[in-house]
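User: Got a minute to walk me through this one? I'd like to poke at the fold before I set anything up.
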Amino acid sequence: MDQDRIDAAIQAYYGSVFDEHARLTTRSAQGRLEFERTQEVVRAATPAPARVLDVGGATGVHAAALARSGYQVVLIDPVESQVAAARQIGTFTAAVGDARQLDFPEDSFDAVLMAGPLYHLAEREERLQALNEARRVCRPGGFVHAAAIPRLLAFAAAALDPDLLDASLDAWLDLLRHGAPVPSLRFPGGHFHTPQELQEEMTEVGLRNVTVIGLEGPAGAALESVPEVTDADFSAAMQLARTFGDMPDIRDFSNHLLGSGIV
């Protein structure tokens, strides 16, 4: 799928088909785990008060939480309806924007969170453009955090989709070898990463000391399908994510990777 078609599909998917706000809040314990781990990483790297740019911030779940804790937050997202919902919160700035062309001067922020744009960009050059823009608007010594969807997790999820069972062998191999979404995948994905690939892309734009973790850890996928999760279960999943998130192989089966690098 070419990028123009992906961009159009993003508008339709997040504008009227899929509720991104619910995914991070009420749909499953996996969303809560993803949210809390992301917040934990961002806050540890850049304590409040600080200026944070939330790129692809959807309806403002992350931005609102950071703002409540004393951060000055600016959110941008390409989907106008999501930006409108974010603006209703009123504790941070929200605007329609594109990760590939950030309308901010150099060194405008202490940290940049990019939780979404990379897996909607099919070409490496466009992913590097988005990462380079994040690096440009972040001050020297600040942190850029960029999320990606692991290739093996994407393969496993796609293999369970009955609408994709007729996909060709070449399509499945293309997903595993190159990170290309299987045709007819409803999610408007552009690319799925390996941890090494995400680290290489972030390093290539000049970010230093790049680390890549499996954000939700080995229990994340299970939490997405369990209807009820006790506090003890959630705490155990969080501990697994903290303990094994940076282990090779195990991190590949998290729902998301999160790369962090210093400008």
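User: Let's jump straight in. Which residue of strand 7 stands opposite Ala147?
Analyst: That's Leu258 in strand 7. Keep in mind that this is a predicted model.

User: OK. How do strand 5 and strand 7 pair, parallel or antiparallel?
Analyst: Antiparallel, over six bridges, with strand 7 covering residues 257-262.

User: And what about strand 4 and strand 5, parallel or antiparallel?
Analyst: Those two run parallel, joined by five bridges. Within strand 5, Cys138 is the residue opposite Phe109.

User: What do strand 4, helix 6 and strand 5 make together?
Analyst: A β-α-β unit, and a right-handed one.

User: Just upstream, where is Ser108 found?
Analyst: In the loop between strand 3, residues 93-96, and strand 4.

User: Loop residue, fine. Buried or exposed, that Ser108?
Analyst: Buried: its relative accessible area is 17%, and the cut-off is under 20%. Leaving aside residues up to four places away in sequence, Ser108 touches Arg51 and Val137.

User: Switching to the inside. How many residues are in the largest nonpolar core?
Analyst: It has 28 residues, and those with the most contacts inside it are Leu53, Val55, Val112, Val144 and Met202. Several elements supply at least two residues each, among them strand 1 (51-55), strand 2 (72-77), helix 9 (195-204) and strand 6 (208-214). Helix 6 gives the largest share, five residues.

User: Is there a second core, or what else is in there?
Analyst: A second, separate core has 23 residues, including Val79, Ala122, Ile213 and Leu215.

User: Back to Val55 for a sec. What does Val55 touch?
Analyst: Not counting residues up to four places away in sequence, Val55 touches Ile76, Ala99, Leu102, Val112, Leu113, Met114, Ala115 and Pro117.

User: Now helix 4. How many of its eight residues are buried?
Analyst: Seven, so helix 4 (residues 61-68) is mostly covered by the under 20% cut-off. The buried ones are Val61, His62, Ala63, Ala64, Ala65, Leu66 and Ala67. They pack against helix 2 (20-25), helix 3 (29-45), strand 1, strand 2 and strand 4.

User: Anything odd in the backbone around there?
Analyst: Just after helix 4, Gly70 takes a positive phi of about 100°. On the other side, in the loop between strand 1 and helix 4, Ala58 has a positive phi near 55° although it isn't a glycine. Ala58 is buried as well, at 8% relative accessible area.

User: Which strand has Asn209, and is Asn209 buried or exposed?
Analyst: Asn209 is found in strand 6, and at 57% relative accessibility it counts as exposed. Its phi is positive too, near 50°.

User: I should check my peptide bonds. Where is the cis one before Pro49?
Analyst: It runs from Ala48 to Pro49, with omega near 0°. Pro49 is in the loop between helix 3 and strand 1.

User: Different spot: what does Met238 touch?
Analyst: Leu33, Glu36, Arg37 and Glu40, again not counting residues up to four places away in sequence. Met238 lies in helix 11, residues 231-244, and counts as buried at 5% relative accessibility. Its C-alpha is 9.8 Å from that of Leu215, 23 residues apart along the chain.

User: And Thr194, where does Thr194 lie?
Analyst: In the loop between helix 8 (169-178) and helix 9. Thr194 is partly exposed, with a relative accessible area of 24%. It touches Arg151 and Leu257, leaving out residues up to four places away in sequence. Thr194 and Asp249 are 55 residues apart in sequence, with 9.9 Å between their C-alpha atoms.

User: Zooming out, how many helices and strands are in the protein chain?
Analyst: There are 11 helices and seven strands.

User: What's the radius of gyration of the protein chain?
Analyst: 17 Å, which agrees with the value near 18 Å for a compact globule of 263 residues. The C-alpha atoms fill a box of roughly 50 × 45 × 35 Å along the principal axes.

User: Last one: how much of the protein chain counts as buried?
Analyst: 52% of the 263 residues. For the surface, the accessible area comes to about 12,000 Å², and 53% of that belongs to carbon and sulfur atoms.

Methods. Residues are numbered from 1 along each chain as its sequence is written. This is a predicted model: local features need pLDDT of at least 70, side-chain atom pairs count only at pLDDT 80 or more; totals for chains, interfaces and linings use all residues. Side-chain values use heavy atoms; hydrogens and water are left out. A nonpolar core is a set of buried Ala, Val, Leu, Ile, Met, Phe, Trp, Tyr and Cys residues joined through side-chain atoms within 4.5 Å. Buried means under 20% relative accessible area, exposed over 50%, partly exposed in between (1.4 Å probe, protein chains only). Helices (H or I, at least four residues) and strands (E, at least two) are DSSP runs, numbered from the N terminus. Contact means heavy atoms within 4.5 Å. Two strands pair if DSSP finds at least two bridges between them. A crossover is right-handed if, with the strands pointing away from the viewer, the path from the first strand over the helix to the second runs clockwise. The radius of gyration is taken over C-alpha atoms; the globule rule is 2.2 Å times the number of residues to the power 0.38. Accessible areas come from the Shrake-Rupley method with a 1.4 Å probe; for residues, only the protein chains shown count as cover.
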